[in-house]
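Me: I'd like to learn how to read the features of a protein model, one at a time. Could you walk me through this one?

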Amino acid sequence: MKKILLLALLASPLFVCAQNNPQKAEVGKRADALAEKVINWRRDFHEHPELGNNEVRTAEIIAKHLKNLGIEVKTGVAKTGVVGVLVGGKPGPVVALRADMDALPVTERQPLPFASKVKTTYNGQEVGVMHACGHDSHMAILMGVAEVLAGMKKDITGTVKFIFQPAEEGAPVGEEGGAELMVKEGVLQNPKVDVVFGLHINSQTPVGQITYRPGGTMAAVNDMKITVTGKQAHGAYPWSSVDPIVVSAQIINSLQTIVSRNLNVTENPGVVTIGSIQGGVRSNIIPEKVEMLGTVRNFTPEDEKMFIERIKTIAVKTGEAAGAKVEVLIPYSAHYPVTFNDIALTEKMLPSLQSTAGAANVKLKGPVTGAEDFSFYQEKVPGLFFFLGGMPKDQDHLKAPSHHTPDFFLDESGFTLGVKALCNLTLDYMGMKK
């Protein structure tokens with residue numbers, strides 16, 4: 001019996017992680033030494049953000065860094081993506097690590113010395129450009145991981161593929177992009193990837209903490225466009241019109257009943273949001289047309305199907321009742337599957353995260369209604385996607401600025417933990433496969 005228990009212990013992930021302590025110590029030492037460089041990379045990316053499929057300057061900096069480390073580099077993947085391949089000193093599995101590169105059409109309000117002042121035209125409107133979701137930190141962290149692992153190349157049992165991906169927030173309308181295009185262009189092949197790891201900084205989780213969830217972690221997303229066409233008239237004579245603004249208001253209110261009355265909220269969450277409504281040019285003209293853009297979030301294929309059917313029925317029938325024509329396009333330009341953490345892989349790798357951050361700092365989290373195109377990699381190979389704390393420890397998470405907002409803020413002291421976590425996941429996974 002004692003022999004059986006000993007063999008089980010020797011085969012456990014916890015034992016493998018414990019045996020890698022000298023390797024973890026080396027990772028820790030190298031990552032700590034890179035802390036300032038990682039922060040400086042992040043600040044440079046933050047000050048010079050680029051939107052999806054246009055990350056030209058960003059890609060050049062990343063490619064140059066990887067080449068200087070002696071890593072094989074391929075550029076122009078999925079428009080502006082960069083892929084680096086580091087072949088270790090010993091044969092073993094291929095581990096992919098991913099960071100996203102694109103910024104958002106958000107005008108920064110934080111008074112930082114490296115705040116973005118970049119402006120551009122987006123969907124016909126002049127907007128600021130800002131890394132308002134932390135992709136600048138993801139790139140800087142993965143550049144740090146590349147430097148740490150390149151310095152330990154001879155001791156690596158396997159191959160590491162560094163994926164710097166454009167357009168995670170979605171490609172421009174009419175273009176392909178992001179993880180879906182990277183997969184289509186073969187990023188998980190040559191060499192064939194066995195497993196993929198990724199992280200996302202979180203501005204409402206304290207620095208020093210890591211959160212994770214097995215199974216469905218982030219929602220599937222469909223964007224939508226609803227066009228309401230009525231009859232134009234003078235604003236003083238509304239009885240001469242079929243008012244698309246009134247119809248649009250009724251549609252928006254009715255769509256909220258899908259979550260409150262059609263979704264079993266005890267099983268899975270769901271979201272229907274209208275984020276843009278455009279119609280009319282002046283106060284005394286009832287316009288002919290209104291266009292709405294929105295997003296739909298679900299955690300199961302069944303809920304996704306139900307939401308789409310209900311959205312179309314509500315919008316079209318509400319329009320018919322008022323004499324208006326309604327067209328619903330869903331998905332309009334983007335669809336991401338559920339970000340699904342492979343349950344067996346998550347269980348195996350949890351000790352690696354715990355030994356890196358401390359068991360008390362690794363916490364199980366609930367489902368996240370945000371979406372991630374990391375899910376396209378997970379459709380092809382087992383993957384684990386986790387969250388890294390980026391909120392100052394003394395801040396109330398309810399008051400911390402959220403992602404995709406002008407006041408988004410990160411505590412940079414948490415980046416080094418991200419470097420260590422991705423390095424240790426890579427090396428521990430390879431150690432399990434020896």
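**Reading the pocket, the sheet and the helices**

Reply: Happy to! Let's begin with a pocket: helix α7 gives the largest share of the lining of the second largest pocket, five residues. Keep in mind that this is a predicted model.

Me: How much space lies in the second largest pocket?

Reply: About 240 Å³. Its lining has 20 residues, and the closest to its centre are Glu175, Glu176, Gly177, Glu180 and Ser333.

Me: Which elements each supply at least two residues of that lining?

Reply: They are α7 (178–184) and β16 (335–336).

Me: Now the open sheet. In what order do its eight strands come?

Reply: The order is β1-β2-β6-β3-β7-β19-β8-β18, with mixed pairing. β1 (72–77) and β18 (362–364) stand at the edges with a single partner strand each, so one side of each has no neighbour in the sheet. From one strand to the next, the twist averages 25 degrees.

Me: How do I read the pairing of β2 with β6?

Reply: Look at the direction and then at the bridges. Strand β2 (residues 81–87) and strand β6 (residues 157–165) run antiparallel and are joined by six bridges. To find one of them, start at Val82, whose bridge partner in β6 is Phe164.

Me: Which helices pack on the sheet?

Reply: Helix α5 (residues 56–68) is one of them, touching β1, β2 and β6, and its direction makes about 10 degrees with that of β2. Helix α11 (residues 343–357) packs on the sheet too, where it touches β7 (195–206), β8 (210–212), β18 and β19 (383–391). The direction of α11 makes about 30 degrees with that of β19.

Me: Let's zoom in on a residue of α5. Is His65 buried or exposed?

Reply: The cut-off to use is that buried means under 20% relative accessible area. His65, which lies in helix α5, has a relative accessible area of 10%, so it is buried. Leaving out residues up to four places away in sequence, His65 touches Trp41, Met143 and Glu147.

Me: And Thr318: where is it found, and which residues does it touch?

Reply: Thr318 sits in helix α10 (residues 301–322). Its relative accessibility is 17%, so Thr318 counts as buried as well. With residues up to four places away in sequence not counted, Thr318 touches Val247, Gln250, Ile251 and Thr313.

Me: How do I read a whole helix, say α6?

Reply: Compare its reach with the span expected for its residues. Helix α6 (residues 135–150) has 16 residues and reaches 22 Å from its first C-alpha to its last, close to the 22 Å expected at 1.5 Å a residue. Then check how covered it is: 16 of the 16 residues of α6 are buried.

Me: What about a strand? Why is β14 largely enclosed?

Reply: A general idea helps when you look at any strand: in a regular strand, side chains alternate between the two faces of the sheet. For strand β14 (residues 289–298), seven of the ten residues are buried, so the rest of the structure largely encloses it.

Me: Which strands pair with β14, and how many bridges join them?

Reply: Strand β10 (residues 220–229) runs antiparallel to β14, and ten bridges join them. Within that pairing, Thr227 has Glu291 of β14 as its bridge partner. Strand β12 (residues 271–278) also pairs with β14 in the antiparallel sense, over seven bridges. There, the bridge partner of Val271 in β14 is Arg297.

Methods. Residues are numbered from 1 along each chain as its sequence is written. This is a predicted model: local features need pLDDT of at least 70, side-chain atom pairs count only at pLDDT 80 or more; totals for chains, interfaces and linings use all residues. Side-chain values use heavy atoms; hydrogens and water are left out. Helices (H or I, at least four residues) and strands (E, at least two) are DSSP runs, numbered from the N terminus. The expected span of a helix is 1.5 Å times one less than its number of residues. Buried means under 20% relative accessible area, exposed over 50%, partly exposed in between (1.4 Å probe, protein chains only). Two strands pair if DSSP finds at least two bridges between them. Axes are lines fitted to C-alpha atoms, for helices over the stretch in contact, and angles run from 0 to 180 degrees between N-to-C directions. Contact means heavy atoms within 4.5 Å. On a 1 Å grid over the protein atoms alone, a cavity is a set of points where a 1.4 Å probe fits but cannot get out, and a pocket is an open set with protein on both sides within 12 Å along at least five of seven lines; lining residues have an atom within 4 Å of a point. Grid points are joined across faces, edges and corners, and a volume is the space filled by probe spheres set on the points.
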